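Welcome, and please open the model in your viewer. We will move through it one selection at a time.

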Amino acid sequence: MTQRYILGLLGALAAATLLLACATRTAPPVTPAVAPVSPTATAAITASSNVTTTASPANTVWQTLPQQMIDGVAFRHYATVNRTDGTYRQMFIDEATLSTWTPGQPLPVESFLVMETYYSPQVESTNFTKAMSIDGFHYGSFSPSRPSFTTQPDNSCAACHGRAEDAAGTFTLAMLTAARQTGAVATTLCDQGGRTPCTAEVYREFVELLEGEK
Ligand code: HEC
């Protein structure tokens, strides 16, 4: 309930931001990472900075995605994959990459992705990570109370991710693209349990987060 409320609030702030940006025909450049007091406060900071700056609106829509700080680094929530067994996973990408990445291009070196896993609502389990390196993705994991950006080559991770052939190893790439372009978290429902990969279509069919279950 609280999370839904906060999301609603963020959505309202985001909508107000967009309206303001459109009305003045201006929009912000990349907002530098600000250490937030809370997600809501961060949204407010981003919202107020939007009306005083001049970059192209098309490049800044992503700023309405919910921000999350992980060990002092700003991330944005871009996707949620719900599964029919009740588990779900939330994907995040570092803000520095999101602000500069062009959809359709490969994820650049130093891109950092985090996946929160939930086996029951609101109970966060292990976070899985991957970072793009010059020799491909390196993988890692951490428990929510101890964030870590350490990654290394891992064949067991890579083997399964290789099944996302059409998305260069990143199952949720189409969702990332959609979120980058719409500013809304992409969510989808997969009829497989656990982390069995869904069909490629599942990762291309999504609705806005506020219409989802969480
Ligand atoms: C059995 C297949 C499988 C294995 C093994 C696996 N993953 Fe994944 N991973 C997935 C699927 C499928 C997704 C997309 C989310 C979903 O469908 O729940 C995903 C998503 C991710 C994401 C979000 C970005 C993306 O690629 O979409 C990260 C980060 C990630 N996995 C890290 C890891 C790490 C680290 C390991 C090894 C410790 C690992 N994965 C092993 C199947 C796998």
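The tour starts at a helix, crosses to a strand and ends at the ligand.

Keep in mind that this is a predicted model: local features need pLDDT of at least 70, side-chain atom pairs count only at pLDDT 80 or more, and totals for chains, interfaces and linings use all residues. Residues are numbered from 1 along each chain as its sequence is written.

**Stop 1: the helix.** Select residues 173-182, helix H5. Helices (H or I, at least four residues) and strands (E, at least two) are DSSP runs, numbered from the N terminus. Seven of the ten residues in H5 are buried (20 or more other C-beta atoms within 10 Å of a residue's own, with C-beta atoms placed from the backbone). Among them are Leu173, Met175 and Arg180. Now show what the buried residues of H5 pack against: strands E2 (73-83), E3 (88-94) and E7 (186-190), and helix H3 (95-100). Contact here means C-beta atoms, placed from the backbone, within 7 Å. Just after H5, click on glycine 183, whose phi is positive, near 80°.

**Stop 2: the strand.** Move on to E7, where four of five residues are buried. E7 pairs with E2 in the parallel sense over five bridges; pairing requires at least two bridges found by DSSP. Pick threonine 80 and look across to its bridge partner in E7, threonine 187.

**Stop 3: the ligand.** Select the 23 residues that surround the ligand, each with its C-beta atom, placed from the backbone, within 6 Å of it. The closest are Tyr139, Cys157, Cys160, Phe171 and Thr172. Elements giving two or more residues to this shell include E3 and strand E4 (112-120). Helix H4 contributes the largest share, four residues.

Technical notes. Buried ≥ 20, exposed ≤ 12 C-beta atoms within 10 Å, placed from the backbone. Contact = placed C-beta atoms within 7 Å.
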